[in-house]
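This report is meant for someone meeting the structure for the first time. It takes up the burial of side chains, then the sheet, the cores, the aromatic rings and a few polar details.

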Amino acid sequence: MASFHGGLVCLLVLGFCMVHPTSATVYTVGDTSGWSLGVDYGTWASAKNFVVGDKLAFNYAGGHTVDEVSASDYKACSAGSSITSDSSGSTTITLKTAGTHYFICSSMGHCDGGMKLSVTVAAAGGSSTSPSSGGGSSTTPTSPASDTPSVTGTTPTTKLPAGSSNSGSFLSPKFYAILVGLLVLAVGY
């Protein structure tokens, strides 16, 4: 009986050691340049692998906006049918669906001047695809209780491991192999 309890303790310790927490990556759009004119957002996005659960933090001065738009509005630099819009100076969007997401600044001439961002988002746990500057569209609400993006007054700067998501915790297949092995040993004693 004592060896069974010892095996159970070992099992619990191994179980806790094998749980791998994952968290979303918060990307500050444009890095230190932020959301402004004169930044090549296509190049910025091409170096990133976005997955469902990641967040885009837009930091910008007055006179700018962050509008999530459809693919056709992105190409036309039109915010007339924006899915979401914010001009607070600090906007955080959680990428909740896989697919391509489009963002523009709706201030006169800014989108045409390069203030537009297209990101391709892979499913959490799946392989990431590179961001593109065109393609299909989907929207991304950020508030867990509604379909509107969350807007925060803080400047997120957290950079977590690339390809991570906020999908919670998971147990590796090794955990289950060890679990079965320990159960076999415990039953044998």
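A residue is called buried when its relative accessible area is under 20%, and exposed when that value is over 50%. By this standard W44 and F50 are both buried, and W35 and Y41 are buried as well. The coordinates come from a predicted model, and the descriptions that follow should be read with that in mind.

**The sheet**

Three strands make up an open sheet of mixed pairing, in which the order is β2-β4-β7. The edges are formed by β2, covering residues 26–28, and β7, covering residues 90–94, each of which pairs on one side only. Averaged over neighbouring strands of this sheet, and with direction ignored, the turn of one strand against the next is 20°. Strand β4, which spans residues 55–59, runs antiparallel to β7 and is joined to it by five bridges; within β7, S90 is the residue that stands opposite N59.

**The nonpolar cores**

The largest nonpolar core contains 21 residues, and those with the most contacts inside it are W35, F50, L56, F58, L117 and V119. Two or more residues of this core are supplied by each of the elements α2 (41–46), β4 and β9 (116–122). Separate from it there is a second core, made of seven residues, among them A71, Y102, I104 and C111.

**Aromatic rings and a charge**

Across the whole structure, a search finds six aromatic pairs, of which the table sets out two.

| Ring pair | Distance between centres | Angle between planes | Arrangement |
|---|---|---|---|
| W35 and Y41 | 4.9 Å | 50° | tilted |
| W44 and F50 | 6.1 Å | 45° | tilted |

Both arrangements follow from one rule: planes under 30 degrees apart count as stacked and those over 60 as edge-to-face, so the rest are tilted. W35 and Y41 also belong, together with F58 and F103, to one aromatic cluster. A ring is involved in another way at Y74, where the charged end of K116 sits over the ring at 4.4 Å from its centre.

**A residue in a loop**

Is T65, which lies in the loop between β4 and β5, buried or exposed? Its relative accessibility is 12%, and T65 therefore counts as buried. The loop that holds T65 leads from β4 to β5, the latter being residues 66–69, and the side chain of T65 makes a polar contact of 2.6 Å with the side chain of D67.

Notes. Residues numbered from 1 in each chain as written. Predicted model: local features only at pLDDT ≥ 70, side-chain atom pairs only at ≥ 80, totals over all residues. Heavy atoms only, no water. Pairing = 2+ DSSP bridges. Helix = DSSP H or I, 4+ residues; strand = E, 2+ residues; numbered from the N terminus. Axes fitted to C-alpha atoms, helices over the stretch in contact; angles between N-to-C directions. Core = buried A, V, L, I, M, F, W, Y, C linked by side-chain atoms within 4.5 Å. Buried < 20%, exposed > 50% of the residue type's maximum accessible area, 1.4 Å probe, protein only. Phe/Tyr/Trp six-rings, centres within 6.5 Å; stacked < 30°, edge-to-face > 60°. Lys NZ or Arg CZ within 6 Å of the ring centre and 35° of its normal. Polar contact = N/O pair within 3.5 Å; in protein donor to acceptor, adjacent residues only side chain to side chain.
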